[in-house]
Amino acid sequence: MATPLALENVDSCENWLPRRVMSAWRIGGIVHGLEGWKEHECGNSISNIHKVWEATLQRGFQPLSLPNESKF
């Protein structure tokens, strides 16, 4: 996912990602902390994906647009 422009001093977190792009699992951890959520996914406990997705978008993270490589 692309990081918000307000997020400063960001390169990629992994050397295979472009600048200002982070893996969803890293962004999930950041949003978890920013939202102040106390529950943790472990065992059979899973967060509400819609709640997490909406919070992620509200925090300014955006899905990447990838070029269509289909040649049909």
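Biologist: Hi! How much area does the protein chain expose, and what do carbon and sulfur atoms supply?
Modeller: The protein chain exposes about 5900 Å², and carbon and sulfur atoms supply 56% of it. Accessible areas here come from the Shrake-Rupley method with a 1.4 Å probe, and for residues only the protein chains shown count as cover. Bear in mind that this is a predicted model, where local features need pLDDT of at least 70, side-chain atom pairs count only at pLDDT 80 or more, and totals for chains, interfaces and linings use all residues. Residues are numbered from 1 along each chain as its sequence is written, and side-chain values use heavy atoms, with hydrogens and water left out.

Biologist: Thanks! How many helices and strands are there?
Modeller: Two helices and zero strands. Both kinds of element are DSSP runs numbered from the N terminus: helices are H or I with at least four residues, strands are E with at least two.

Biologist: What share of the residues is buried?
Modeller: 24% of the 72 residues in the protein chain. Buried means under 20% relative accessible area, exposed means over 50%, and partly exposed lies in between (1.4 Å probe, protein chains only).

Biologist: Which residues of α1 are buried?
Modeller: Ile 27, Val 31 and His 32 are buried there. They cover an arc of only 140 degrees around the axis, so they sit on the same side of α1. That arc is taken from the directions from the helix axis to the C-beta atoms. Trp 25 and Gly 33, on the other side of α1, are exposed.

Biologist: And what do the buried ones pack against?
Modeller: The buried residues of α1 pack against α2, where contact means heavy atoms within 4.5 Å.

Biologist: Switching topic, how many salt bridges does the structure hold?
Modeller: One. The side chains of Glu 35 and Arg 59 meet in it, at 2.9 Å from N to O. The pair links distant parts of the chain, with Glu 35 in helix α1 and Arg 59 in the segment after α2, 24 residues apart. For a salt bridge, a side-chain nitrogen of Lys or Arg must be within 4 Å of a carboxyl oxygen of Asp or Glu.

Biologist: Why does Glu 35 count as partly exposed?
Modeller: Because its relative accessibility is 31%. Arg 59 is partly exposed too, with a relative accessible area of 35%.

Biologist: Last one: which residues take a positive phi just after the helices?
Modeller: Just after α1, Gly 36 has a positive phi of about 75 degrees. Gly 60 takes a positive phi of about 100 degrees just after α2.
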